[in-house]
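Biologist: Could you pull up the model and walk me through it? I'd like to hear how each label is earned.

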Number of protein chains: 2
Amino acid sequence: MVLETAVTYARSHQAVFLEELCHYLEIPSISTLSHHRADVLRAAEWLQNNLTRIGLEHVQQIETAGNPVVYADWLHAGADAPTILVYGHYDVQPVEPLDAWTSPPFEPVVRDGRLYARGVSDNKAQHFSHLKALEAMLKTAGQLPVNVKICFDGEEEVGSPNLAPFVAANQTLLAADFVVISDGAMHQPDQPTIDYALRGVVAAEIRVTGPNRDLHSGSYGGLVHNPAQAVAEIVAALHHADGRVAIPGFYDDVNTLSPVERDLLQKVPYSFRQWQTETGAPAAWGESAFTFFERMTARPTCEVNGIWGGFAGEGFKTIIPAEAGAKISMRLVENQDAEKIAAQLTRFVEQLAPPTVNVNVMVQAGAAAAVTPYDSVAIQAAFRAYEDGWGATPLLSRGGGSLPIVATFQKLLGTPFVLMPFGLDDNRHSPNEHYHLAHLEKGMVTAVYFYHHLATAVTDKPVEVI
Amino acid sequence: MVLETAVTYARSHQAVFLEELCHYLEIPSISTLSHHRADVLRAAEWLQNNLTRIGLEHVQQIETAGNPVVYADWLHAGADAPTILVYGHYDVQPVEPLDAWTSPPFEPVVRDGRLYARGVSDNKAQHFSHLKALEAMLKTAGQLPVNVKICFDGEEEVGSPNLAPFVAANQTLLAADFVVISDGAMHQPDQPTIDYALRGVVAAEIRVTGPNRDLHSGSYGGLVHNPAQAVAEIVAALHHADGRVAIPGFYDDVNTLSPVERDLLQKVPYSFRQWQTETGAPAAWGESAFTFFERMTARPTCEVNGIWGGFAGEGFKTIIPAEAGAKISMRLVENQDAEKIAAQLTRFVEQLAPPTVNVNVMVQAGAAAAVTPYDSVAIQAAFRAYEDGWGATPLLSRGGGSLPIVATFQKLLGTPFVLMPFGLDDNRHSPNEHYHLAHLEKGMVTAVYFYHHLATAVTDKPVEVI
């Protein structure tokens, strides 16, 4: 059978695929650091070549105001077959702190059944699995069961600032029935998860300046407001003591979770013990009226991603620093408007700012949360694909992270989405990011089943999802 | 006359002295950075050679548990002549932020009548001025008017942790009638200042740890207490909104300033305009019940010298950092006990520490404040030396900075001190540290007069100092 032949191809080519993936991972495509711009472009080039070799058509890099979008398609499945848009991102996170890595982040290496490299789980191995599933079908059957469009982003880790204008300007090119994205994590290796909601994100930087240079604390201590102290005062004021965000209006538009949905989320296994093992943190923190999993996925948050000012080296240096700052990001849930939240943060920090220092707030990126019907045809196909390809029935869930482009696709293309993570936590955004080799094969096979079931699902009886 | 000949020698050798000083300044003797240890030792070696060439005796480096003390003496002025101990320090501050320097910190260069280099004002040029005054007298008269002992420290910028044990173990070697120290700043080029009090200092580091690694804020935001937020909360709690330090007991042992002393300090010119020009800060801050100058010199303070945690690079990185920290220093006034204050800080931070993170406080250095009678023979000699050598009558004042060794000398040797600054603010502890060439010559000449007047002051009528 066509399906089995493609699955066999995918399984039997794992060594070749791993070698290919390693070449892709060797490219340090860090989008947030401008001196890695050439590497980001090399990653786009690598994808373009790979897509061409697989047998996709119209393979091209489409320019944006930032990094190019890599596009390709295969549209010969017929007018009645659904069209699916595959999204992924070829840029990766920075690597600091570098000395915490056991092996260099851009020298992929397998240890204990895991492939270690920056960007392997977030997101190179995951969208690579779709490419190899398409290759398996094209190389064995010479065709695909559905129409496929590929859209690979080079700026996801900086908030995809140029993808919304790109999508708006290319609505016909990108038109599809569904968007599929394999990113993020399932909760357990044997428990796939399909997320029907993602949090939005707004990132901002607060800069506090005071004296015109670092001052000797013996000469000016006591009569100059210290910017490091001032930034601490501002950051400390962002939360109430009980963990709630203190920005006025922050919760105004947040939906109350329905009892039905709270029951649904209760089914996702996430224990205090698991939290403890994963984080190593000494005690629980956050909004005690909500479960851990609700706090993680269905509640908005405000995080300090970084704080700095003055001397942080060995020993001590008795100065009043000239400036200090903090990087803040807020995770949003549905109905919260990113621009409104950004304005609330800005206004609040400006209100907190004392006249004794200068305070600036720069909003850097924003994206709304996204939610999709959890009984769509694509989600049904994904359900069956995990059962056949992964050997486990998935859970319906929410994701705590953000994929700004999902909200953009919904808003501009009106397209429901299906999120099919193949990874685990995998130290994404942390040192020693990795990906289980077993997940590489299972992901490719599951993707083959997904495209197959998507072609037939429209005529099937809907699966029971709750 | 002997005195005039020495002064002429000092004036006519400025070009040679400048070149010598530049060689000394080229040595990056940063004591707080362990990888500069060899440079610190080179600076000691340089001093040893220079002292020998000048004609001092018993020149030696005396080992301590840290950097060596450079010792020398000349004791042929007779039993009736006073003995003066000259203290200075050959170590310097770190240079960060390096990119804020107009010229490299260890490549001394003259621009607009100023010599730019790290450590030039704090403290190399200032103690060098004493050495060249001694050279001027020895090379012209073949003798000194008083007995002189030299004690140059290599750890002043890290709180002189090994000098107290050194002094305790060498009380006979160091025994003297007075200690003279030229460090710190006069307020105006034409207005020398003699400080009769210095603030003490206690430095500490606060470290907050939480999760076992940097976490993805999308996966854990909302259910892990963020160490960067926690350190901000702790730092923000160190002050009340009115600028007073919030550490319980902090002010318990602080003396009320007498009306006489407040009048004395009023004579030191320090205007809001001067504060504004020097600092560039947007508005005044601190304890409003005290004048700027009192806050700067006679009141204890608590400063954040540095704060850090998470990502501070270009762009953004949505993490919850695994750890964060802050460096704190507190300036103390007389009667405040450094160990007691350190314990109060530690206890307060431990009380503030929530169970959701791990908090450690490490006290790094401590020294009491120092105060000396402002009508001593040595202060009288310094008064007349400034009048003759600088051409201006000095003001009696307090200093806001700290020289831990002064308190040590008082405690262990019972020696009154005289502080004769030759520098200005000079960006000490900041980028672009510099020293006015005019002050180099005036400092050397004033030092020649000082040693001369010290020999005769004991028989003179006391000068009116208030």
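Modeller: What follows is a short round of questions and answers on this predicted model.

Biologist: What makes chain A as compact as a globular protein of its length?

Modeller: Start with what's in there: chain A has 15 helices and 18 strands. Its radius of gyration is 23 Å, and the globule rule gives 23 Å for 466 residues, so chain A counts as being as compact as a globular protein of that length. Along its principal axes, the C-alpha trace spans about 80 × 50 × 45 Å.

Biologist: How much of chain A counts as buried, and what does a residue need for that label?

Modeller: The label needs 20 or more other C-beta atoms within 10 Å of the residue's own. Of the 466 residues in chain A, 58% pass. As for how the chain folds back on itself, take contacts between residues at least 6 apart in sequence: 80% of those join residues at least 24 apart.

Biologist: Why is N335(A) called exposed?

Modeller: The cut-off for exposed is 12 or fewer C-beta atoms within 10 Å. N335(A) has 12 others in that range, so it's exposed. You'll find N335(A) in the loop between strand 13 (323-332) and helix 12 (338-352) of chain A.

Biologist: Which residues does N335(A) touch, leaving out those up to four places away in sequence?

Modeller: D253(A), V254(A) and N255(A). To give you a sense of the distance along the chain, N335(A) and D252(A) are 83 residues apart, yet their C-alpha atoms are separated by 9.5 Å.

Biologist: And Q143(A), is that one buried or exposed?

Modeller: Exposed: Q143(A) has 12 other C-beta atoms within 10 Å, and 12 or fewer is what the label asks for. Q143(A) is in the loop between helix 4 (120-140) and strand 6 (147-153) of chain A. G55(A) is 88 residues from Q143(A) in sequence, but 9.5 Å away in space, C-alpha to C-alpha.

Biologist: Which domains does chain A have?

Modeller: The domain assignment gives domain 1 (2-198 + 369-457) and domain 2 (200-254 + 300-366). The centres of domain 1 and domain 2 of chain A, taken over C-alpha atoms, are separated by 35 Å.

Biologist: How many residues are in contact between domain 1 and domain 2 of chain A?

Modeller: 10 residues of domain 1 of chain A are in contact with 9 residues of domain 2. On the domain 1 side that's 7 nonpolar, 3 polar and no charged residues.

Biologist: How many residues do chain A and chain B put into their contact?

Modeller: 84 from chain A and 85 from chain B. On the chain A side, the largest share, 9 residues, comes from strand 11 (residues 301-310). By class, that side of chain A has 35 nonpolar, 35 polar and 14 charged residues.

Biologist: What makes strand 11 of chain A and strand 11 of chain B a pair?

Modeller: Pairing takes at least two bridges between strands. Here 5 bridges join strand 11 of chain A to strand 11 (residues 301-310) of chain B, and the two run antiparallel. Within that pairing, I307(A) stands opposite G309(B).

Biologist: How do you know that the copies are related as by a two-fold rotation axis?

Modeller: A turn of 180° and a shift of 0.1 Å along the axis lay chain A on chain B with an RMSD of 0.1 Å. The two copies are therefore related as by a two-fold rotation axis.

Biologist: And how do you know that the copies meet through the same surface?

Modeller: 100% of the interface residues of chain A are also interface residues in chain B, so the surface is the same on both copies.

Technical notes: Residues numbered from 1 in each chain as written. Chains lettered and ligands numbered in written order. Predicted model: local features only at pLDDT ≥ 70, side-chain atom pairs only at ≥ 80, totals over all residues. Domains from an automatic or database assignment. Contact = placed C-beta atoms within 7 Å. Nonpolar A, V, L, I, M, F, W, Y, C, P; charged D, E, K, R; others polar. Helix = DSSP H or I, 4+ residues; strand = E, 2+ residues; numbered from the N terminus. Least-squares fit on C-alpha atoms with pLDDT ≥ 70 in both. Rg over C-alpha atoms; globule rule 2.2 N^0.38 Å.
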